[in-house]
Each structure stands twice: as structure tokens, then as C-alpha cells.
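The following note sets out several points on the structure for a colleague's consideration. Each point is confined to one region.

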Amino acid sequence: MARVLLERVTKEFPGGVIAARDVSLEIADGEFMVIVGPSGCGKTTTLRLIAGLDEITSGNITIGDVLVNKLPPKDRDIAMVFQNYALYPHMSVYQNMAFGLKLRKYPKAQIKERVTQTARLLGIEHLLDRKPRALSGGQCQRVAVGRAIARRPKVFLFDEPLSNLDAKLRVSTRAELKALHKRLQTTSIYVTHDQAEAMTLGDRICVMCEGIVQQVAPPMEVYDRPVNKFVAGFLGAPSMNFFAGRVRRKDDRLCFTCADHQIVLPARFRNAVEKHLDHPVTLGIRPEHLSLAPYPGQTENEISAFVRVVEPLGDRIDVYFEDKDGTRFIGNLGPQTVLRVDEPVRLHLNVEKLHLFEPAEIGRNILFA
Amino acid sequence: MKPPHRSIGLYAIMAALAAGFLFPFYWVIICSLKSPAALSMSPPAFYPGEVRTKDLAVSTASRIVIAEGARWLRLCIRATEHGSERQDGTYYLRLGKGDGPTKLVAWLPDDVVRPLSDPPPVIVFERAPIHRLTGTSKEVAVAATMVRQNERGFDELLFVAPADSGSTDEFAVLCNVEHEPLCDFAPQWQNYSETLRGPEATIGAKSTGFSLYLRNSLFISIMAVIGQVLSSSCVAYGFARLRFKGRDFWFVLLLATLMVPPQVTLIPLFYIYKSIHWVDTFLPLIVPHFAASAFNVFLIRQYMLTLPRELDESATVDGCGALRTFLQVILPNCKPVLIVVAIFTFVTTWQDVLGPLIYLDNPEYRTVTLGLEYFRSRFVDNRHLLMTGAVLAMLPIAVIFLFLQRYIMSGMVTTGLKR
């Protein structure tokens with residue numbers, strides 16, 4: 001059990017690619033931290049730096065109270081679960097789980113006790129004599145987790161451990177991992193590109209992009225209060241809709257205008273928005289905050305659009321709209337909604353839930369700045 | 001389902017190809033079971049049969065006589081017609097020009113020699129028949145006798161007397177003459193025991209025996225396999241996993257050595273080994289294998305590259321250093337390619353003629369390939385034993401193939417961890 005501290009950690013690969021830039025991150029003792037981001041964002045590199053599989057270029061990494069910058073992986077007291085499990089194919093499940101303990105010169109009886117105990121915990125006792133190739137993907141995954149747990153390290157590192165499983169198994173294993181963490185209370189760092197895994201598993205989420213940490217916060221906070229356009233667009237499925245436009249003053253009220261839409265911003269945004277008056281901004285709204293206007297033309301904050309694609313999902317319907325400018329956006333509507341393709345509709349925006357960003361690729365969130 | 005006639009055609013073609021491929025093996029095996037006479041039959045037989053011959057024992061002071069404008073070979077016949085009565089007399093063999101069989105056509109007038117009873121037997125010499133040369137009473141040695149064309153265009157009969165046969169004037173030639181077609185199936189199993197006694201034993205000399213050659217070859221081959229597997233896998237691991245300066249350059253350089261024909265380095269190597277007194281020992285044939293070979297390194301490295309790097313990293317996290325990762329994680333997973341390397345090395349070392357021929361001299365050190373050569377020499381031609389030796393030499397390879405063919409087939413295409 002230990003706290004993991006990254007201070008201004010930078011990793012530059014030979015050839016000049018900077019995979020992690022000034023990453024500062026504190027993972028509390030017993031915390032489940034999920035590092036999430038698109039591929040190539042430096043999340044796996046960060047994990048490998050913590051594991052010691054790659055050497056950091058600058059900065060400090062501390063595990064517990066030990067500065068581990070120069071320490072080889074085996075002395076860092078960590079265990080890692082790899083994406084492809086990396087089980088030793090020539091060893092049985094038992095040998096796989098015992099290997100790390102054997103190398104640490106544990107007495108035989110203790111190894112046996114630890115391995116069987118871990119196997120019982122994960123429900124893989126009956127597999128102990130099998131070779132990895134005789135296991136299913138899910139079983140391999142359990143063994144890989146078991147191998148990590150048997151060692152009882154200070155920190156677990158997970159590198160996309162669920163991405164090789166099928167969708168159904170992924171969901172159930174996700175829940176098991178969460179339960180397991182609750183039980184073991186070991187500091188865990190979990191890398192994934194899947195935002196659903198990030199949201200469900202993490203005590204806190206660290207969103208990374210292009211080697212830079214964008215936001216570190218509990219899942220719901222990241223979801224509700226994204227610091228920038230990247231974080232807002234990355235989390236949530238379908239992702240947030242963006243409209244490029246400008247903020248204008250109209251009758252002493254602040255309005256976001258874009259194409260023929262006019263959205264009146266709530267008064268509490270006034271201070272934050274004022275300095276962006278007449279500048280280009282991007283409005284972001286999540287699909288679930290769009291709804292069909294019950295009485296078209298009667299309320300404010302409506303936009304008109306055409307229905308393009310309708311995707312019924314059972315519990316809701318995802319509808320792809322297109323406005324007059326050709327901007328496409330998505331709305332989550334109730335399962336009873338009946339819409340025809342190319343039908344013109346009026347949509348209501350929940351203005352309390354909208355976000356305004358600076359127009360750049362990773363534009364700051366104006367409202368929470 | 002395909003219509004049956006199509007698969008019949010396919011099977012016929014495959015069977016024909018298989019037969020074509022297996023024919024040389026069949027041929028060497030039946031040849032190893034043939035008697036020398038059957039082996040020299042023309043056209044050859046497709047089964048090891050018995051040759052019926054009319055043997056003629058000839059005792060001769062083989063002198064060439066010139067009479068009536070022709071050259072004659074005087075043969076004093078002491079016994080004749082295998083199994084029948086003695087018919088003593090002196091035959092004259094006319095040494096003529098031409099391609100056909102030389103025939104004993106007549107005997108010369110009384111003043112030269114006493115004629116024989118009627119009708120004169122006709123001895124047909126094959127183009128290069130094999131004769132068993134016997135002493136006056138007991139068999140002493142084997143020597144070759146041949147009909148050969150000299151520069152002047154004459155056929156010449158060369159009788160070669162064994163060194164210990166005593167008088168060159170008094171020895172017998174048992175000629176295999178008038179081959180009759182093969183009849184019964186009669187495999188000569190004793191060829192094998194004869195071969196195992198060694199090539200020198202066929203002329204009555206002391207021999208170390210063929211089994212020693214097999215043991216020598218086996219020893220050299222097994223040592224070579226151990227050397228190659230150990231050293232090549234070490235080097236391959238370095239090239240596949242470790243990071244060091246100029247790694248790719250060194251690897252290309254290593255591969256470039258494949259382009260150097262071994263014949264080029266042969267003489268310099270010989271001088272090196274000579275200067276350190278390794279010539280006429282097994283060392284030059286074994287030690288180089290402990291210094292890896294470019295091809296095997298390449299093969300193993302390519303295989304190691306298919307193993308996921310996470311395997312190494314997992315071992316690192318578990319607490320392995322580079323050496324332990326290599327020995328306990330990478331090497332066990334390279335088993336298929338290591339078996340392929342072992343087989344390749346074994347077969348090439350086992351088959352090597354040039355190396356042993358150059359470095360080995362002592363008969364005690366002869367390898368199988370070298371030993372085979374001694375069944376044929378200028379004066380001795382035991383092709384049947386050569387064939388038997390070839391079959392014996394083939395056996396270990398055949399056994400290896402039978403038991404390890406799964407690895408030979410799959411060694412190059414195994415995909416590592418993917419299931």
C-alpha cells in the first residue's frame with residue numbers, strides 16, 4: 001500500500017517524440033486512478049514510467065516514501081497486468097502465479113498458500129494445473145490479475161487489461177475488478193482508452209491528451225465540469241455536440257448565436273462570458289440535454305434542425321440532426337419518440353447544462369475557468 | 001463434394017509425385033541388398049535378386065602374346081564352369097579394338113598352346129566387370145579387373161595382383177561371366193554385417209569398423225547441435241531484445257557473413273587450426289559451432305521477435321534480470337525454433353564430407369561420410385557395401401525426421417503466443 005507521486009515527469013523517446021510532458025499526478029494510498037485518453041496520448045507511457053519499464057527523462061516518481069527514478073522494476077514493489085496478459089506460455093497457471101514469489105525467495109509453503117488463496121479469491125482454483133493456451137480469454141485475464149495479486153505489491157498497474165475481452169465479459173469483469181479493489185484496497189493505476197471503464201472504475205480519472213494531463217478529478221466531476229473541449233468531447237457516448245458561434249449582447253442579455261440559433265445564456269454565466277463578447281466561442285451540449293420542444297416557438301433556447309438518422313437503442317433513441325449550416329449533432333430522445341427522416345424539428349436546449357469553450361482544439365472551458 | 005473422378009486424378013498425380021520422390025530411397029535400399037554381381041548388371045534390376053553366373057576360375061601367368069598380327073592374352077584355365085567338371089587348358093583372349101564384349105574366340109595353334117576340347121567356351125567380359133581374385137587354393141583378396149581403352153585405342157585387360165598373393169605368375173581369376181537374368185528374390189543381408197566390419201575388412205585387413213564411424217559422426221553432430229543451440233540462441237536474444245549501440249549494423253554485418261562462401265575461408269581456417277595443432281582432432285569440427293552461425297541466429301531472432309515484448313516486461317516486473325528472462329522465459333518459448341535449429345545442425349553436420357575430409361586423417365576419427373569413401377578405391381570397388389553404408393548413414397536422419405517432423409513442418413511458421 002502506498003501513495004504514488006509523479007512530479008513534472010517527462011519522457012522523451014530517442015527521435016524527439018515526447019510521450020509524456022510535465023506529468024504531475026498524485027495517487028493517494030488505496031486510490032483507484034484511471035488514466036484515460038485516445039491512443040497515442042501517453043497514458044501507457046506514463047504507466048510504464050511508473051513501472052520502471054521505461055526510464056524517465058526528467059522529473060520524479062515516488063512510490064510510498066521511496067524515490068524510484070533509478071530503481072529497476074523488481075525493486076519498486078509493483079505488479080502489472082498487461083493488455084495481452086503476457087502469461088508465460090510454458091508454465092502452468094500455478095507456476096505463472098508463483099513465479100514472482102519464487103524469484104523473491106519466498107518459502108515454498110508460503111508460495112503455495114498465497115497462490116491457492118489468490119486462486120480461490122478469483123475463482124480459478126480448478127485451472128491451476130492448466131497451461132495458458134488451454135484457457136479462455138476471460139480466464140487468462142483472471143490469471144493475469146491473480147499473478148499480480150499473489151505478489152501483494154504496493155501498487156497495481158493495469159494496462160488496458162479488458163480490451164481483449166468481448167463486450168459482455170468486459171462489463172462483468174469490470175464490476176469484478178471494482179469489487180476486488182474494494183476488498184484489497186491496494187493503490188491501483190489503470191490505463192484505458194474506454195471512457196465507460198474510466199467512469200465506472202475510477203475513484204478519480206486522469207484524462208490525458210498528447211502527453212499532457214488535461215484534468216484529474218472524480219468521474220462525475222470530469223463529466224459535468226470538463227476543463228476543456230477535449231475532455232468534454234472525450235467522455236460520454238455519444239460525445240458532446242459542439243456549435244461554433246459568437247456571444248452577443250441582446251437586450252441586456254447575453255446570447256450565443258450561430259447560424260439561425262439564438263441561445264440565451266443564464267445570468268450566472270455573465271461574469272465568465274463577458275470578456276468573450278463578440279469573440280468566436282464553441283458551445284458544447286451533451287446529447288441527453290437536448291429534447292424535442294413540446295410547444296415549438298413558445299419557449300426560448302430552441303434550435304431547428306432536420307432529422308437525418310434515427311438509431312433506436314431500446315432504452316433511448318439516438319437521433320442524428322443536421323441544422324441549416326450543415327452542422328451535425330446528436331440528441332438522446334425518449335424511447336417513445338417517433339421521428340421520420342428529413343422531418344424538420346424544433347429542439348430544446350437545457351441551458352443550465354451547456355458549456356462554452358474557447359474555439360481552439362483543446363479550448364478551455366470558459367464557464368469553469 | 002467433388003465428383004469422384006476429379007479426386008482420382010488428383011490422387012493419381014500425388015501418388016506419382018510421391019513415388020518419384022521416394023524412388024531414390026527405394027533404390028539405395030535395394031542396392032544395399034544386392035550382391036556385387038547383381039549391382040553391376042545392366043540393365044539394373046528393380047529388386048535384389050540373385051545373379052546366376054557361369055564362373056570361370058582362371059589361373060594365369062597373364063602374359064600378352066603377339067601372334068597373327070594381334071595381341072593375345074594367355075590364360076591358363078585351371079578350373080571352369082561353376083559346379084561342373086574341371087576343364088584345364090590354356091585360353092587366349094584376343095585383345096581387340098571396339099566397343100563390344102571382348103570374346104575368347106579361339107586358341108592358337110599347337111606350337112603356341114595346346115587346344116582345348118570342343119566347343120570352345122565363350123567368355124564374355126562386361127565392359128568393367130568385377131572379378132574376385134583368388135589365390136591358388138583360398139581366397140586372398142579382392143582386386144579390380146577391367147577392360148580399358150588406352151591411348152592407342154586397344155583394349156587392355158588389367159589384372160591386379162594382391163600384394164600378399166605370393167607369385168604374380170600364379171593366381172586365379174574367378175570371372176563372373178555370362179550373367180543370366182535375375183531370378184529369385186534374394187536380399188543379401190550379410191552386406192550389412194560385412195559393412196559394419198569396415199572397409200579394410202573386405203580385403204582382409206584390420207579395420208576399426210563402420211560402427212566407430214557412426215559413433216564418431218554422432219559425437220560430432222551432437223556436440224555441434226549443443227554448440228549451435230546454446231550459442232545461436234544467446235546471440236539471437238541479444239539481437240532480438242537487448243539494446244546496444246549499432247545493433248542493427250552488427251546484425252546486418254552478421255547476415256553479410258552468409259554471403260561469404262565457406263570455400264573461401266577453408267584454407268585460412270586450415271592454417272589457423274594447423275597452427276594451434278587442431279588438425280586431425282574433432283575440435284575444428286565442433287568448436288566453431290559454439291560460436292553461433294549467422295543463419296541460425298537469424299532464424300532464432302526472427303522467432304523471438306514474434307514473442308510479445310510484454311513477456312519480457314512481465315518477467316522484469318516479476319524480478320528477472322536479462323539472463324534469467326532469457327533462460328526461464330524466452331528460451332522455453334523458443335522450443336519449436338530451437339528444435340528446427342538442432343535438426344538442421346544435426347543433419348548438415350552428419351552429412352558433412354568436406355570438413356572431416358580436410359581435418360581428419362586418423363582412421364580412428366573417420367566419420368560416416370568419410371568411411372563410405374573407403375569402400376571404393378583404386379583397387380577395390382565394393383559398391384554394394386557403399387550402398388549398405390549409405391543406408392546405415394541415412395538411418396539416424398530418417399529416425400529424426402519420423403519423430404520430429406511435426407517440428408520441422410511447423411518450426412518456421414509457428415506464430416508464438418497467438419491462439
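1. In strand E20 (residues 355-357) of chain A, His355(A) is the bridge partner of Gly284(A). The two strands concerned, E14(A) and E20(A), are joined by three bridges and pair in the antiparallel sense. It should be kept in mind that this is a predicted model.

2. Strand E14 of chain A, residues 280-285, is also paired with strand E11 (residues 241-250) of chain A; the two run antiparallel and six bridges join them. Within this pairing, Leu283(A) in E14(A) stands opposite Phe243(A). Is E14(A) enclosed or open to its surroundings? Five of its six residues are buried, so E14(A) is largely enclosed by the rest of the structure.

3. A further part of chain A contains an open sheet of four strands, in the order E2-E1-E4-E5, with antiparallel pairing. Strand E2 (18-27) and strand E5 (66-67) of chain A are the edge strands, each pairing on one side only. Between strand E1 (residues 4-12) of chain A and E2(A) there are six bridges, again in the antiparallel sense. Val4(A) has Ile27(A) in E2(A) as its bridge partner.

4. Helix H1 of chain A, residues 43-51, lies across E1, E2 and strand E4 (58-63) of chain A. The direction of H1(A) is at about 65° to E2(A).

5. How do helix H3 (residues 108-122) and helix H4 (residues 137-150) of chain A pack, and at what angle? Two packed helices are described by the angle between their axes and the distance between the axes. For H3(A) and H4(A), the angle is about 135° and the axes are 9 Å apart. The two helices are therefore oblique to each other, and their crossing is right-handed. On the H3(A) side, the contact involves Arg114(A), Val115(A), Thr118(A), Ala119(A) and Leu122(A); these meet Arg142(A), Val145(A), Gly146(A), Ile149(A) and Ala150(A) in H4(A). By class, the residues of this contact comprise six nonpolar, two polar and two charged.

6. The last point concerns the two chains. Contact between them involves 15 residues of chain B and 18 residues of chain A. On the side of chain B that touches chain A, helix H9 (309-318) and helix H10 (322-333) of chain B each supply at least two residues. H9(B) provides the largest share of that side, seven residues. The side of chain B that touches chain A is made up of seven nonpolar, four polar and four charged residues.

Methods. Residues are numbered from 1 along each chain as its sequence is written. Chains are lettered from A and ligands numbered from 1 in the order in which they are written. This is a predicted model: local features need pLDDT of at least 70, side-chain atom pairs count only at pLDDT 80 or more; totals for chains, interfaces and linings use all residues. Two residues are in contact if their C-beta atoms, placed from the backbone, lie within 7 Å. Ala, Val, Leu, Ile, Met, Phe, Trp, Tyr, Cys and Pro count as nonpolar, Asp, Glu, Lys and Arg as charged, and the others, Gly among them, as polar. Two strands pair if DSSP finds at least two bridges between them. Axes are lines fitted to C-alpha atoms, for helices over the stretch in contact, and angles run from 0 to 180 degrees between N-to-C directions. A residue is buried if 20 or more other C-beta atoms lie within 10 Å of its own, exposed if 12 or fewer, and partly exposed in between; C-beta atoms are placed from the backbone. Angles under 35 degrees count as roughly parallel, over 145 as roughly antiparallel, 65 to 115 as roughly perpendicular and the rest as oblique. A crossing is left-handed if the near helix is turned anticlockwise from the far one by less than a right angle, and right-handed if clockwise.
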